Amino acid sequence: MLVFDFMQRPRVIELGVLVASQLNVLDAVSADQDLAQRDKYIDSINQSGQMKILTGDPPAEEPRPKSMLAALFFDTIQRNVKPGIAIRWRNQPHPQLLAHINVGGRYYWIASRVGPPLQWRITLSRVMISVLITSLAMTAAFLIQQRLSKPLQDIAAAARKVRDGARPERLGEYSTSELADVAEQFNMMMASLEEMESTRAVMLAGVSHDIRTPLTKLRLALAMDGHAGEETHVRYINQIDAIISQFIDYIRNNHLEAPLEGDLNALIRQLAELFSESGHAFHLNLGGPLMLRFRPVAMSRIITNLMDNACKYGGADLEVKTWCAHGRVHLAVLDRGPGLPLDQDPRYLIRPFVRADVGRSSAAGTGLGLAIVDRLVRLHGGSFQLKNRNGGGTEALLVLKRGGVTVKRAVSL
């Protein structure tokens with residue numbers, strides 16, 4: 001409607017007024033022609049090719065043109081020609097405008113073909129209207145999609161943070177009632193989860209304290225009784241203490257630790273020195289400084305657990321490699337142990353309290369080490385996988401974003 005009212009309609013009216021004025025001029029000029037020169041005048045008009053004077057029977061009466069713009073064009077001419085000039089419209093064999101004008105004292109029908117200009121305008125108007133309607137519809141759909149997708153993207157991003165073990169910020173209020181209800185329910189769910197996690201952490205901390213207290217007393221009792229050198233008792237006590245530490249590490253709120261810019265290779269070298277002092281030497285295949293954002297304590301726990309796993313199950317030819325590829329940081333801890341069971345999915349071993357076939361190794365553990373690694377790697381926005389190493393052994397591979405963690409520090413209750 002806007003295209004028709006402000007673009008096409010004024011142009012068609014302007015064209016109709018111009019044609020009507022030309023017919024008025026032609027009628028005035030033709031009426032003054034000498035009778036002796038009338039036939040010659042008619043021939044000259046017919047030879048011009050623009051108009052044709054009909055000398056035979058008058059054209060049959062036909063209805064007005066059906067096209068909206070053609071009808072507007074025809075009506076405009078009718079309103080603007082001077083009295084005495086009759087006009088008609090002919091559709092066959094092609095659109096024609098006929099005017100009854102005076103030529104040397106005699107009235108003739110002059111036919112003028114409505115050629116490409118008007119037809120082109122009509123076709124163009126239809127195309128423009130179609131394009132305009134389509135553009136408006138697509139623009140409206142895009143705006144609606146943006147209005148709906150932004151809250152959904154916020155909810156999806158918050159859900160991913162929950163999946164990765166982080167605490168997202170509370171969702172805002174949305175104008176759409178359905179989205180507002182979803183956001184409210186999500187915020188209530190997060191409040192319940194945080195309350196449960198807080199309660200669980202307090203409970204486990206209390207249990208670990210209550211267990212470690214008698215363990216400490218037992219150590220002192222053994223020492224006072226002269227049994228401090230009995231390695232069996234000490235080993236059992238240390239195992240219990242390590243198990244408690246693993247439980248605490250697993251439920252620790254690592255997302256509250258702020259990420260910092262640091263050199264990952266420098267951290268690996270520090271941890272490798274500690275393992276070397278305990279009798280486990282790692283070959284380091286590291287490049288230059290590898291700067292990225294990570295949580296130092298959480299990253300130390302990741303690398304320590306993987307290196308400790310390699311020491312327990314690998315035994316020899318221990319190695320740590322780092323490299324960059326496709327904009328991501330790769331960290332691999334390799335050993336030459338028995339490798340992964342071929343009949344088990346490697347992802348199964350990452351689940352909590354799951355260990356490989358105990359017959360393949362005498363190492364003791366809780367089955368939480370790899371689960372802790374997987375959770376902390378996902379907290380850093382990366383991925384973790386286990387696979388058999390070429391030539392035998394196991395490869396634990398971490399893939400981290402070059403930019404490091406970008407999640408915001410959450411507000412705890």
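Two strands count as paired if DSSP finds at least two bridges between them. With that in hand, welcome to this predicted model. One place to begin is Leu-54, whose bridge partner in strand β4 is Trp-109. From there, this briefing visits an open sheet of five strands, a pair of helices that cross at roughly 145 degrees, two arginines and two cysteines.

**Strands β1, β3 and β4**

- Strand β4 covers residues 106–113 and is joined to strand β1, residues 51–54, by four bridges.
- β1 and β4 run antiparallel, and the Leu-54 and Trp-109 partnership belongs to this pair of strands.
- β4 is also joined to strand β3 (residues 96–103), here by eight bridges, and this pairing is antiparallel too.
- Leu-98 has Ala-111 of β4 as its bridge partner.
- Together β3 and β4 make a hairpin, with two residues between the strands.
- In the turn of that hairpin sits Gly-104, which has a positive phi of about 60 degrees.

**The open sheet of five strands**

- Strands of a sheet pair through backbone hydrogen bonds, and the pairing may be parallel or antiparallel.
- In this open sheet the pairing is mixed, and the strand order reads β6-β8-β9-β11-β10.
- Which strands form the edges? They are β6 (283–285) and β10, each of which pairs on one side only.
- From one strand to the next, the twist averages 15 degrees.
- At the β6 edge, three bridges link β6 to strand β8 (residues 319–325), and these two strands run parallel.
- Asn-285 stands opposite Lys-321 of β8.

**Helices α8 and α9**

- Helix α9 (residues 369–379) lies across β10 and β11, running at about 140 degrees to β10.
- α9 also meets helix α8, residues 296–313: the two axes come within 9 Å of each other and cross at roughly 145 degrees.
- This crossing is left-handed.
- On the α8 side, the contact is made by Ala-298, Arg-301, Ile-302, Asn-305, Leu-306 and Asn-309.
- On the α9 side, the contact residues are Gly-369, Leu-370, Ile-372, Val-373, Leu-376 and Val-377.
- By residue type, the contact of α8 with α9 has eight nonpolar, three polar and one charged.

**Two arginines to look for**

- Arg-328 is found in strand β9, which spans residues 328–334.
- Although Arg-328 and Lys-401 are 73 residues apart along the chain, their C-alpha atoms are separated by 4.8 Å.
- Leaving aside residues up to four places away in sequence, Arg-328 touches Trp-323, Val-399, Leu-400, Lys-401 and Arg-402.
- Arg-328 counts as partly exposed because its relative accessibility of 36% falls between the 20% and 50% cut-offs.
- Arg-389 lies in the loop between β10 (383–388) and β11 (394–401).
- Is Arg-389 buried or exposed? Arg-389 is at 12% relative accessibility, which is under the 20% cut-off, so this arginine counts as buried.
- Among the residues that Arg-389 touches, again leaving aside those up to four places away in sequence, are Asp-317, Glu-319, Asp-335 and Glu-395.

**Cysteines**

- How many disulfides does a search of the whole structure find? The search finds zero.
- Cys-311 has a relative accessible area of 11% and is therefore buried, the cut-off being under 20%.
- Cys-324, at 42% relative accessibility, counts as partly exposed.

Conventions: Residues are numbered from 1 along each chain as its sequence is written. This is a predicted model: local features need pLDDT of at least 70, side-chain atom pairs count only at pLDDT 80 or more; totals for chains, interfaces and linings use all residues. Side-chain values use heavy atoms; hydrogens and water are left out. A disulfide is a pair of cysteine sulfur atoms within 2.5 Å. Buried means under 20% relative accessible area, exposed over 50%, partly exposed in between (1.4 Å probe, protein chains only). Axes are lines fitted to C-alpha atoms, for helices over the stretch in contact, and angles run from 0 to 180 degrees between N-to-C directions. A crossing is left-handed if the near helix is turned anticlockwise from the far one by less than a right angle, and right-handed if clockwise. Contact means heavy atoms within 4.5 Å. Ala, Val, Leu, Ile, Met, Phe, Trp, Tyr, Cys and Pro count as nonpolar, Asp, Glu, Lys and Arg as charged, and the others, Gly among them, as polar.
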